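Me: I'd like to learn how to read a few features off a model. Can we take them one at a time, general idea before the case?

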Amino acid sequence: MASKFLVARRKIGNTIFVAFCWIGAAVALTFLALILLSLITKGLGGIDSKIFTMDTPAPGSPGGLRNAIMGSITMCAMAMVMALTVGVLAGTWLAEYAGQSLYGKVVRFVNDVLLSAPSILIGLFVYTILVAPFHSFSGIAGSVALALLAVPVVTRTTEDVMNLQPSALRESGVALGSPLASTIRRILWRASSTGILTGGLLAFARISGETGPLLFTALNNQFFSR
């Protein structure tokens with residue numbers, strides 16, 4: 001009798017919990033749908049050719065976002081070039097050369113700290129070294145700030161992907177008389193290319209929406225180039 005009562009109570013509790021989850025999901029999806037509906041109905045009316053063909057106007061003047069869009073694309077592209085170069089090399093060194101050495105552990109620790117570093121602090125740091133001494137904001141300073149945010153992501157992803165590669169790949173290169181550097185470049189990097197590309201996409205996704213660091217480095221500009 002007691003077991004039947006316990007089973008019934010558990011079924012009632014499970015039903016209540018599942019119903020609560022469905023209600024919570026429905027409420028969240030409803031508000032999300034309302035936000036998307038408002039965005040579409042009010043946003044589509046403001047999209048025209050001027051947005052992509054005219055630069056940022058002065059207050060009260062007609063204009064578009066051509067320079068802002070191109071500036072964002074340029075800074076993100078420059079940042080990713082720097083981040084992929086440094087991050088892939090750093091991740092490869094950590095996976096293939098550093099091992100469990102003290103120096104390697106310190107580098108990993110610093111990289112982990114940078115992974116969670118507030119972007120606003122990165123912006124202040126770059127402002128101190130690239131903006132204040134030259135008394136001018138610039139897209140290069142903005143790219144460096146974004147690159148510092150992307151490098152830890154690429155480094156960690158590259159190291160993890162390289163560590164996942166089987167030892168047989170390294171042994172095959174050694175058996176053919178290939179130096180470790182050549183084995184890494186011709187075998188391991190090719191085998192890890194998909195994972196490294198994923199790390200690059202994750203890093204790009206992180207920096208493409210950043211605005212805080214750019215307030216201290218690139219700021220804004222109403223012209224197409226500076």
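Reply: Let's start with salt bridges: a salt bridge is a side-chain nitrogen of Lys or Arg within 4 Å of a carboxyl oxygen of Asp or Glu. Bear in mind that this is a predicted model, where local features need pLDDT of at least 70 and side-chain atom pairs count only at pLDDT 80 or more, while totals for chains, interfaces and linings use all residues. Residues are numbered from 1 along each chain as its sequence is written, and side-chain values use heavy atoms, with hydrogens and water left out.

Me: How many salt bridges does the structure hold?

Reply: It holds 3. Take R170 and E96: their side chains meet in a salt bridge at 2.7 Å, N to O. R170 sits in helix α7 (residues 167-175) and E96 in helix α3, so this pair ties together parts that are 74 residues apart in sequence. Helices here are DSSP runs of H or I with at least four residues, numbered from the N terminus.

Me: Are R170 and E96 buried or exposed?

Reply: General idea: buried means under 20% relative accessible area, exposed means over 50%, and partly exposed is in between (1.4 Å probe, protein chains only). Both R170 and E96 are buried.

Me: Which residue forms a salt bridge with E159?

Reply: That's R108, with the closest N and O atoms 2.6 Å apart. E159 belongs to helix α6 and R108 to helix α4, so the pair ties together parts that are 51 residues apart in sequence. E159 is buried at 7% relative accessible area, and R108 is buried at 18%.

Me: And what do the side chains of D112 and R156 meet in?

Reply: A salt bridge again, at 2.2 Å, N to O. D112 is in helix α4 and R156 in helix α6, so this pair ties together parts that are 44 residues apart in sequence. D112 counts as partly exposed at 33% relative accessibility, and R156 is partly exposed too, at 29%.

Me: What does N111 touch?

Reply: For contacts, look for heavy atoms within 4.5 Å. Leaving out residues up to four places away in sequence, N111 touches V151, P152, T155 and R156. N111 lies in helix α4 (residues 102-115) and is buried, with a relative accessible area of 9%.

Me: Which backbone oxygen does the N111 side chain reach?

Reply: The one of P152, at 3.4 Å. That fits the idea of a polar contact: a pair of N or O atoms within 3.5 Å, where, within protein, one must be able to donate a hydrogen and the other to accept it, and residues adjacent in sequence count only if both atoms are side-chain atoms.

Me: How do I read a whole helix, say α9? Which of its residues are buried?

Reply: Start with length: the expected span is 1.5 Å times one less than the number of residues. Helix α9 (residues 193-207) has 15 residues and reaches 21 Å from its first C-alpha to its last, close to the 21 Å expected. As for burial, G195, I196, G199, G200, A203 and I207 are buried. They cover an arc of only 145 degrees around the axis, which puts them on the same side of α9; the arc is that of the directions from the helix axis to the C-beta atoms.

Me: What do the buried residues of α9 pack against?

Reply: Against α3 (66-98), α6 (139-164) and α8 (180-191). The face turned away from the buried side carries the exposed residues T194, L197, L201, L202 and A205.

Conventions: Helix = DSSP H or I, 4+ residues; strand = E, 2+ residues; numbered from the N terminus.
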